[in-house]
Every structure is written in structure tokens, then in C-alpha cells.
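Biologist: Please take a close look at one aromatic site, and then walk me outward from there. Which residues build the site, and what lies around it?

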Amino acid sequence: MGRVTERRRVLRIRDGAVSSRPDTLVAEEPLEIRLNGKPLAITMRTPGDDFALAAGFLVSEGVLAAASDLRNIVYCAGATVDGSNTYNVVDVRTAPEVSLPDFTLERNVYTSSSCGLCGKASLDAVRTTARWPIADNPPLRVTPELLAELPGRLREAQRVFDRTGGLHAAALFTEDGELLDVREDVGRHNAMDKLVGRALRNGDLPLSRTVLLVSGRASFELAQKAVMAGVPLLAAVSAPSSLAVDLAAETGLTLVGFLRGSSMNVYAGEDRISLREPAPQG
């Protein structure tokens, strides 16, 4: 199986001084996801948690909703011409009653930024395929002070990032700020798929009383994956896209961006943020 990191020699230049040294890089390899033996999708990912990644991907595509939908996941032996196993091809076997999508080697979904869909078509696609409405009852409530602590907790848990500086992460917290799980990957969408896939296999979906934090920006694809997993609050350390904000408003997702220190922007679902009462005037 591929390693999470690899070593490469680099020429290092610091203040005019030149030296040669090994550097630790995050590994990136393709993963082909097959569904009941048929090719469905290919994604570039950091090896590791491949079964969770495949399961989470199928949750976001509306194929899987519960652990009972999943029969098993295996690496495909003989994935190459010479019969060797590259550990870069997985086959997901579903229960007989699970409805299957059209098969294609392209990501035949509305989530890809290159899929050509936008606006109302994309929003309608999420609404019609989501298994669970966002239903945190009673409503989840978090303070800005708690949200401000989460990026630091995520950073402390990023073990591979410490060695490479080249990974995105997705972390799942309780409404009290307890870290439940964190996954890393070269692709931010893969990190979230790994997180959701582990929740599926543990029987924890929907994630209706959790806070999801992602490194980097909040794209439409990440907001869509949060909605498909039943997450009520998605926070990102960088900016959201306009379509991510539209999706959050459409589905009832609370979306927080630019979460840095005590500063943050709430783009949708502000009712889940517990704010202090304004000081009396006069």
C-alpha cells in the first residue's frame, strides 16, 4: 500500500546559503472507486483510509445512507496488467436493495467544480438526493468563543501536516467542542469523505449534533457533503464560495467562514450561533 509521505531530495537556499537535503512530501496517488465491480470514479488522494474515503464519497452521492447499505469494501487484486495489487483500486459492494447510479469513469455528479452545473440545478440536485434534512432538534447552539478554539484543536491533531505542510484536514466536533475525529488528505473533499465514511461504517449517520471544521475554503462540494451527512454547522478557516452560501441558505446549514482567532463571518444559519446580548445604550 502507498505511504502517506515520501522523501525527495531538494536544493535548499536560505539567505544565499545553498545546501542539499531530504524533504518530506505528502504522497498523492490515484484511487479508482468501483461499485459492485464496475468503475465509477477516480480521485487523486493521499493513501490511507481508502475504504472510508470510498464509503464517504458514496454517501455524498446519495448511494449509501446507513451501514446496512454497505456489504463490504475490498482492494482489487490483479489491478494491473501483470496481476499485481497497487492498492489504488477499491470495490464497494452494496446490499441488494441499494439503488445504483449510472456508471461512468467521470464523476457523474453535480459536486465536481468542473461538472458544468451551477446555480439552481446544483441546489435542486442536493435537495432531491439528501437522505436526511438537517434536523438538530433541539437546535444546536454554539458560541463564537467555542468556534474560535476549534482551528487550534484541529491543528494540534494534524500529525502528517506537521511533517509536510501539504495536507488539508476535516475535523468533527461535538457541540461542546470535543474532537471526535480528524482526517487528512491532499484533497479537502477527500478528507471530508474519509470523515463521513468512517461515521457511516460506525453507524453514526446522520451527524445531526456535530460541528464540522475544514481547512482552507468552503466550496459548494464541501457544503454539499456536509448536508448529505446531516451536519448542521460547517466552519472553514477561509472563504466560502457563493454557491456554498446559497446551498447553506437553501438547506438550513449554518456556514461560518474566515474562522481565524476570535474573528469569523457567519454566512447562513446564524440562529445556531449564541451571541451575547447587546450592551444597553445610553
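Modeller: Start with Tyr-87. In this predicted model, Tyr-87 has a relative accessible area of 31%, so this residue is partly exposed. The class of partly exposed residues lies between the cut-offs of 20% and 50%. Tyr-87 belongs to one aromatic cluster, together with Phe-51 and Tyr-75.

How many aromatic pairs does the structure hold? Two. Take the pair of Phe-51 and Tyr-75. The ring centres are 4.8 Å apart, and the planes make an angle of 40 degrees. This geometry is tilted. Phe-51 sits in helix H1, residues 50-60. Tyr-75 sits in strand S5, residues 70-75. The two are 24 residues apart, and their pair links distant parts of the chain.

Are these two residues buried, or partly exposed? Phe-51 has a relative accessibility of 21%, so Phe-51 counts as partly exposed. Tyr-75 stands at 18%, so Tyr-75 counts as buried. The cut-off for buried is under 20%.

Now the pair of Tyr-75 and Tyr-87. Their ring centres are 5.0 Å apart and their planes stand at 80 degrees, so this pair is edge-to-face. The cut-off for that class is over 60 degrees. Tyr-87 lies in the loop between S5 and strand S6, the latter spanning 89-94. The separation from Tyr-75 is 12 residues, and this pair too links distant parts of the chain.

Move on to the nonpolar cores. Nonpolar side chains tend to be buried together in soluble globular proteins. Here the largest nonpolar core has 52 residues. Ile-33, Leu-58, Val-92, Met-192, Leu-205, Leu-212 and Leu-234 have the most contacts inside this core. Follow Ile-33. Setting aside neighbours within four places in sequence, Ile-33 is in contact with a list of residues that includes Leu-53, Ala-54, Phe-57, Val-90 and Val-92. Lys-38, Pro-39, Leu-40 and Ala-41 are also in contact with Ile-33. A second core, separate from this one, has 18 residues. Leu-140, Leu-146, Phe-173 and Leu-259 are among them.

Next, the sheet. Six strands form an open sheet in the order S8-S7-S9-S10-S11-S12, and the pairing is mixed. S8 (179-185) and S12 (263-268) are the edge strands, each with a single partner strand, so one side of each has no neighbour in the sheet. On average, neighbouring strands of the sheet are turned by 20 degrees against each other, direction ignored. S11, residues 254-260, pairs with S12 in the antiparallel sense over four bridges. Val-256 stands opposite Val-266 in S12.

Look at Thr-174 in strand S7, residues 168-174. Thr-174 has a relative accessibility of 15%, so this residue counts as buried. Leu-180, Arg-209 and Val-211 touch Thr-174, leaving out residues up to four places away in sequence.

One helix remains: H7, residues 242-251. Which residues of H7 are buried? They are Leu-243, Ala-244, Leu-247 and Ala-248. Seen down the helix axis, these fall within an arc of 140 degrees, so they line one face of H7. Exposed Ser-242 and Ala-249 are on the face turned away from the buried side. Gly-252 follows H7, with a positive phi near 90 degrees.

Definitions and conventions
Residues numbered from 1 in each chain as written. Predicted model: local features only at pLDDT ≥ 70, side-chain atom pairs only at ≥ 80, totals over all residues. Heavy atoms only, no water. Pairing = 2+ DSSP bridges. Axes fitted to C-alpha atoms, helices over the stretch in contact; angles between N-to-C directions. Buried < 20%, exposed > 50% of the residue type's maximum accessible area, 1.4 Å probe, protein only. Arc of directions from axis to C-beta. Phe/Tyr/Trp six-rings, centres within 6.5 Å; stacked < 30°, edge-to-face > 60°. Core = buried A, V, L, I, M, F, W, Y, C linked by side-chain atoms within 4.5 Å. Contact = heavy atoms within 4.5 Å.
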